[in-house]
Amino acid sequence: MPNFLVDSQLSQNASTANSISIAASSTPALFGTLGLNTADAGPNLRVHFSATVTLSATVAILVPVTITIRRVINGVPTTVYTATKSLPVGTLLLTTDVITVSGIDVPPPAGFIIYQAFVSIPAGLAVTPTRVGPESFQAVAYSDLPTPV
């Protein structure tokens, strides 16, 4: 059965390299939010998403970075995806790492769904990476063809 494109959105927090300079934090920082209108979806609704965050740091230790994706329906947030990557061990040189994640969510039926993307690092690190851009978050909702009325 063919896929039916229900809706798609893109949230662009920073479009180019070195366009922002925000210290990463142990408190999850929102870097992308978008809403999908799924009122006209057919059966088997699914949402494909991807997110990109770019961090820079002078690293001499592994720095774990977590990206979390949350779905919000009727004000109720649900974590649907979490990925943690450790920035590589450096040689006390400035390094820049682009982290890109992608995943899928199979949400319950809803007329409108909000998705949010967050980035965080563990508390108490000696080295804190800086978010430097680009940062983006996108989602596309598909379903089976709607049933004719």
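Biologist: What does the secondary structure of the protein chain come to, in helices and strands?
Modeller: In this predicted model, the protein chain has zero helices and ten strands, and reading along the sequence gives the pattern β-β-β-β-β-β-β-β-β-β.

Biologist: And what box do the C-alpha atoms fill?
Modeller: Taken along the principal axes, the C-alpha atoms of the protein chain fill a box of roughly 65 × 25 × 25 Å. Of the 149 residues in the chain, 44% count as buried.

Biologist: How many of the contacts join residues at least 24 apart?
Modeller: If we take the contacts between residues at least 6 apart in sequence, 83% of them join residues at least 24 apart.

Biologist: Let's go to strand 10. Where does it sit, and is it mostly covered or mostly open?
Modeller: Strand 10 covers residues 135-144 and is mostly covered, with eight of its ten residues buried.

Biologist: Which strands does strand 10 pair with?
Modeller: Strand 1, which spans residues 3-14, runs antiparallel to strand 10 and is joined to it by ten bridges; within that pairing, Asp7 has Ala141 as its bridge partner. Strand 4 also pairs with strand 10 in the antiparallel sense, over seven bridges, and here Arg46 is partnered by Tyr142.

Biologist: What about Ser143 in that strand, buried or exposed?
Modeller: Ser143 counts as buried because its relative accessibility is 0%, and a polar atom of its side chain lies 2.8 Å from the backbone nitrogen of Gly42.

Biologist: OK, new topic: how many residues are in the largest nonpolar core?
Modeller: The largest nonpolar core has 29 residues, and those with the most contacts inside it are Phe31, Ile69, Tyr115 and Phe137. At least two residues of this core come from each of strand 3 (29-37), strand 4, strand 5, strand 6, strand 7 (94-105), strand 8 (112-120) and strand 10.

Biologist: Why might nonpolar side chains be found together like that?
Modeller: As a general tendency, nonpolar side chains in soluble globular proteins are buried together.

Biologist: And the aromatic pairs, how many are there?
Modeller: The count comes to one aromatic pair. Phe49 and Tyr81 form it in an edge-to-face arrangement, with 5.4 Å centre to centre and 80° between the planes. The pair links distant parts of the chain, since Phe49 is in strand 4 (residues 46-58) and Tyr81 is in strand 6 (residues 76-87), 32 residues apart.

Biologist: Why do you class Phe49 as buried but Tyr81 as partly exposed?
Modeller: Phe49 is buried because its relative accessible area is 3%, which is under the 20% cut-off, whereas Tyr81, at 22%, is partly exposed.

Biologist: Last one, Arg70: which ring does its charged end sit over?
Modeller: The charged end of Arg70 sits over the ring of Phe118, 4.4 Å from its centre. The C-alpha atoms of Arg70 and Phe118 are separated by 8.2 Å, although the two residues are 48 apart along the chain.

Biologist: Where is Arg70 found, and what else is it in contact with?
Modeller: Arg70 is found in strand 5, which covers residues 63-73, and it counts as partly exposed because its relative accessibility is 26%. Leaving aside neighbours within four places in sequence, Arg70 is in contact with Pro77, Thr78, Thr79, Val80, Ile114, Tyr115, Gln116 and Phe118. Tyr115 in that list is also one of the residues with the most contacts inside the largest nonpolar core.

Key:
Residues are numbered from 1 along each chain as its sequence is written. This is a predicted model: local features need pLDDT of at least 70, side-chain atom pairs count only at pLDDT 80 or more; totals for chains, interfaces and linings use all residues. Side-chain values use heavy atoms; hydrogens and water are left out. Rings of Phe, Tyr and Trp (its six-membered ring) pair if their centres lie within 6.5 Å; planes under 30 degrees apart count as stacked, over 60 as edge-to-face and the rest as tilted. Helices (H or I, at least four residues) and strands (E, at least two) are DSSP runs, numbered from the N terminus. Buried means under 20% relative accessible area, exposed over 50%, partly exposed in between (1.4 Å probe, protein chains only). A charge sits over a ring if NZ of Lys or CZ of Arg is within 6 Å of the ring centre and within 35 degrees of the ring normal. Contact means heavy atoms within 4.5 Å. A polar contact is a pair of N or O atoms within 3.5 Å; within protein, one must be able to donate a hydrogen and the other to accept it, and residues adjacent in sequence count only if both atoms are side-chain atoms. A nonpolar core is a set of buried Ala, Val, Leu, Ile, Met, Phe, Trp, Tyr and Cys residues joined through side-chain atoms within 4.5 Å. Two strands pair if DSSP finds at least two bridges between them.
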